[in-house]
Structures are given as structure tokens and as C-alpha cells.
Amino acid sequence: MRGVGKERLATRFAIVAITIAGVLLVAGALDVAFAQTNPFGAPRGQAPAVPMGGVLGWIFTKQAEFYRQFSGLIRAAKSDGTAAWSLLGLAFVYGAFHAAGPGHGKAVISSYLVANEETWRRGVVLSFASALVQALVAVVIVGVAAALLNATAATMSKAVNVIETVSYGLIVLIGLRLLWVKGRAFIATLRLLRSPKAVGAAVTPAHLLERDDHDHHGHDHHAHDHAHCSHDHHHDHSHHDDHAHAGCDHEDHASAWGHAHAPEPEELGGAGGWRRGLSAVVAVGARPCSGAIILLVFALAQGLFWTGVAATFVMGIGTALTVAAIATIAVGAKSWAKHVAETRSGYGMLAMRGIEVGAAVLIIGFGALLLSGYMVSERLVGI
Amino acid sequence: MFHRLVLLLGTALASVVIGAGSASAHPHVWVTMHSELVYAPDGTVTGVRHVWAFDDMFSTFATQGLESKKKNEFTREELAPLAAVNVTSLKEYDFFTFAKANGKPVEFNEPPDGYYLEFDPKQTVLTLHFMLPLKTPVKAKELTVEVYDREFFVDFGFAQKNPVKLVGAPAQCKVSVVNPQEMDTSLAQQLSRLAGDQRDPSLTVGSEYANKIVVKCP
């Protein structure tokens, strides 16, 4: 092996740091997922791992109680109009509680917001959009398959499984794309920090780039995603690697220097930004909730399909509130981290990039787990 | 120094995100169980016979679109294909049934033919009947059978009346049943429900959240 240059060392160091952070995060996610929601592929232990105590236990007990009241209220709604209102109220509360459980995209949406430097307002909108998409998908599946075609539960479950696979695949793709973009931003930030000549300069001298590891660098410039933004990228200096995200992350310009300005909401709210968000909404929202489907089929059998539809949408609003609250916490945590990071100048920025990379890895992890879960299970027909 | 900061912040963030995602438990299926422990004349346990009644919402869902001669009523024959699907799928989850004889895990074979589904049109309740034979029948001083879904997609619970029966067991064998919720809230309450001769200190230990059958044959 030849002598290792400073930049190369820095790159390696960065890769090691990313790997450590990534492994840590994925390990955490795996732990949780396998212990609680995803036994597929993992040996089934003799002792159950269901948390029943504390807040989680309380949420679990409550939502189970609520769910069990659905059938009674739907039956009652046949003859009693007020029962329909109680049903809607219950659906709302159930949705809010139920969203605390897995499968409603909290984790993915939160990670997405963190990786993407999004505002909390954006997070709230994404949460609502994905919850409503989710309700709509359930209504369409039951409406078309059960109400119109009189399909069996098995057929519906197959439809759900196909949608599920596509949706989980999308989550993995979104994560991979973010990892690619944010990983490069991380490495670029690191390079700038490690290169004394670059510090204080707005533009990295071109020769620094040329000394870089070509394996990694060679294709960077081609991979810029300029699709949504029109400002120029003529100058190919390395801090533009920061900038790779959809060509729209204006804030990255200054941020490598530790005195970043926060992105203005208008900037994020641009057309390209929303298009970006749409992929997350579809990926998270496409998979309908089993509970909603079962409820809709039951309402249909009772001759109250439209009451069931109303309940499903109200449930979606409840779900959205919980997801939005959690997403807001995640965004708040990131802002706090950013605040801390800014006092540390360049290294702080590096830490921020590290967090974004971590969040991207988390999304991939969640997506992969969900996908692998699908591979082995057909839960809805299952039993 | 900086990578430590990365890790620190990353971990803080991860705990928020994972904490948010970790709330488990979202049952969509409820099962009310009756179980029988079947013994051979020589006193060995040969298996468990389960009777699982599904909640009305899930029962409606599961029978949606199935063909039947009478609307909203299904005969055993009409339900036979669904029963086959159920039993095949349950294999993947070890039939949610985990047994130990004298403290050691024992394995089950797949259910032999004879399993079936029944439908009660009045209650809209689907009931699955199946037998789980032990791979090797055992003589056990203490036998425990736990039924639970680790994922909590299915919420199992024993029926209120006579949930567990011993069939052909030696006379000295005593059965007791532990319900998870009662274990959780108040063990004393649970214990007070058992008959005097069934009181058993072993109830305080072991996996606290499973539906547990304990048979003692001293």
C-alpha cells in the first residue's frame, strides 16, 4: 500500500465514524424491532417480550379496549343514530392511541424529517397527508374488493401485501437516496475541516479535489440531482458536494462553516420540496392499517359501509395527530442539536451531518426490517 | 473528539426516534381459548387440544366473500379451505403454543387431520378446533403450557369458565391457570380466584405475560 495522504486518512476516518454511528443506530432499531414487532427470522424465545407496564402498557390496554368497542358501536349504529357519533369519537381516540404502536410511520417520518432538515410545520403536514392516504387506501381496498367484487379476505390480504411490499421498498429507496446525499455531505464537510487551506475560504481550491481519492470522487459530480432547482452549479468545488440533495438544500452553502442560517420555510416549501415530501407520504401512507380494513369489512357486513368510511377517516386524523406530535419532537431534538453544534463551529456541522446520515441509515433499517417481515408473513390471513 | 459528539448526538436522536417507534402491541385479533391437555393411559401427556374462538370483527373479516349456501352462515365443509389456511399459517408461529415438561421445552408436531372451523351466525364467531400432539409424549411432574403472540397481533385470553381441562390425567394431577393481565395488576387477586388446593407459589415466577397453564402431578 502506498502512503496514506491526509485527505485519504480523513475520508477513512469519516467512513469509520459513519459506520459506527450507523451500526449503533441500526443495532438499536433491530433490537427494538425484533424484540417487539418483528419476530420473523428471529428465533421465537420462550419468554414473551411484550411491555405491559408503564405508559406503553397503559396505551396498549386503552387501545385494545377502544378497539373492542367498535363492533358493539357499529352494531348499535344500525338502529341508533347517536351510536354513530360515539363511533366517530371512539375512532378518533383509537387512532390517536393506535398510532403509538408500530406500522404507522412515526419512525420513518421522524427520521425523514431529521435527515432532510425539515421544519416542524412540514412534519405536521406530512403526518396528516400520510395518515389520510392510509385511510383512503383502506377504504379503496375494501370498497373495491369487498363491496364491489365480493372478494375474500385472502384476496384482500394479497392486495395489501403487494402494496406493503412496494411501500416498504420505497422506504428503503428513500433511505438509500438520503444516505447517498447526506453521506457525501458528511465526507465533504470532513474534508474541508481536515484541510487547513480550506478553512476560512469559501471555495476549496481545485487542487485539493484532484488529490482526492478518485474512487469515491470520480462520479460525485455526475450524480448531482439538479432536477428540481435551477440555480447554477458551474463551479465544481467540493463544498458543493454538500449541496447534492436534490439541488435544493440552500442552507448547506453556509453551514459547513458553522454559522449556517436556518432554512426559511418558504425555501423548503418550494415545489421541488413538496415533490420530495410526496414520496415519503406515499411510502408511509400506502400501507393500510389492518384494523381499518377489518373495521370496514365488519361495517360493510352490517350494512353500514359509509359509517365505516367516516370512522376510518376520523381514525386517520387521530393517527395523524400522534404522528405529528412525535415528528415535532424529533424535529425539535434536531434543532436543539443544531444549536449545540453551531457553538462548535466546523466540528458541530460535522456532527449535524453525522446525525443526518444516521437518520438516513435508520430509514433504510426500518424499511429493510419491514420488507423482511413481509417476506415471511401473511399476517392478515394468517390466523 | 468530533466523532464522539457525532455518536452522542446520534444516540440522543436515535433514542427519540426509536422511542417513538417502539411502542409495541396493536392487537387486531382476539382469541378466547378453551384448551384440553390430553393424557395417555400410562400417564404421559400426549398433546394439547385447542378451541379458539375469534372476535366478531375478525370472524366477519375472515369469512368475507366465502361462498355459502345460506347467506351469512357457513358449514364446516364450506369453511374447510379456510381452516387449512389457518393451520398452515399457524405453523409459522409455532401455533403460539410453548410447552415445558419439568422445566425443559418440548416440541409439538403439526396438527393431524380432524381440525375444523365452526361458525356461529348469531354471535358472528368463528371457532378453530385443532390438536397439537407432542413429538414425544412425556411424563411430567410439572407441565407448563403458554399461549401468546409475541407480536401481539393476536391477543389470546382464556375463557372465563372452565378454560382448561385435563383429559385422562392421573388423579393426583392438578391444573391451574394464569392470566397475564391479572398477573400484571394484582397477583393476589389472581391467586384468590384459584381454589384452595390449586394455590401455587410458582405462579409468582416465570414469564409473567403469557397465558399459562400449569399442571402438577406430584
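Here is a friendly exchange about this predicted model. Residues count from 1 along each chain as its sequence is written, while chains are lettered from A and ligands numbered from 1 in the order in which they are written. Local features need pLDDT of at least 70 and side-chain atom pairs count only at pLDDT 80 or more, whereas totals for chains, interfaces and linings use all residues.

Biologist: What average pLDDT does chain A have?

Modeller: Happy to start there: pLDDT is the predictor's confidence in each residue, from 0 to 100. In chain A, 60% of the residues score at least 70. The chain average is a pLDDT of 68.

Biologist: Over which residues of chain A, with 103 contacts beyond four places in sequence, does pLDDT stay under 50?

Modeller: A contact means that two C-beta atoms, placed from the backbone, lie within 7 Å. Where pLDDT is low, the predicted coordinates should not be read in detail. The stretch you ask about is residues 198-271.

Biologist: Which helix gives the largest share of the largest nonpolar core?

Modeller: Such a core is a set of buried Ala, Val, Leu, Ile, Met, Phe, Trp, Tyr and Cys residues joined through C-beta atoms within 7 Å. Buried means 20 or more other C-beta atoms within 10 Å of a residue's own (exposed is 12 or fewer, partly exposed in between), with C-beta atoms placed from the backbone. This core has 141 residues, and A:Val297 is among those with the most contacts inside it. Its largest share, 16 residues, comes from chain A's helix H6 (residues 153-194).

Biologist: Which residues of chain B does A:Val297 touch?

Modeller: Leaving out residues up to four places away in sequence, A:Val297 touches A:Val142 and A:Ala146 in chain A. On the chain B side, the names are B:Thr60, B:Phe61 and B:Gln64.

Biologist: Where does H3(B) bend?

Modeller: Helices (H or I, at least four residues) and strands (E, at least two) are DSSP runs, numbered from the N terminus. H3(B) covers residues 76-91, and B:Leu79, B:Leu82, B:Asn86 and B:Leu90 are buried in it. The bend is the angle between axes fitted to the seven residues ending at a residue and the seven starting there. For H3(B) that gives about 35 degrees, at B:Leu82.

Biologist: Why is strand S7 of chain B largely enclosed, and how many bridges join S7(B) to S3(B)?

Modeller: Five of the six residues of S7(B) (residues 142-147) are buried, so the strand is largely enclosed by the rest of the structure. Strands pair if DSSP finds at least two bridges between them. S7(B) pairs antiparallel with S11(B) over six bridges, and the antiparallel link between S3(B) and S7(B) has five bridges.

Notes
The expected span of a helix is 1.5 Å times one less than its number of residues.
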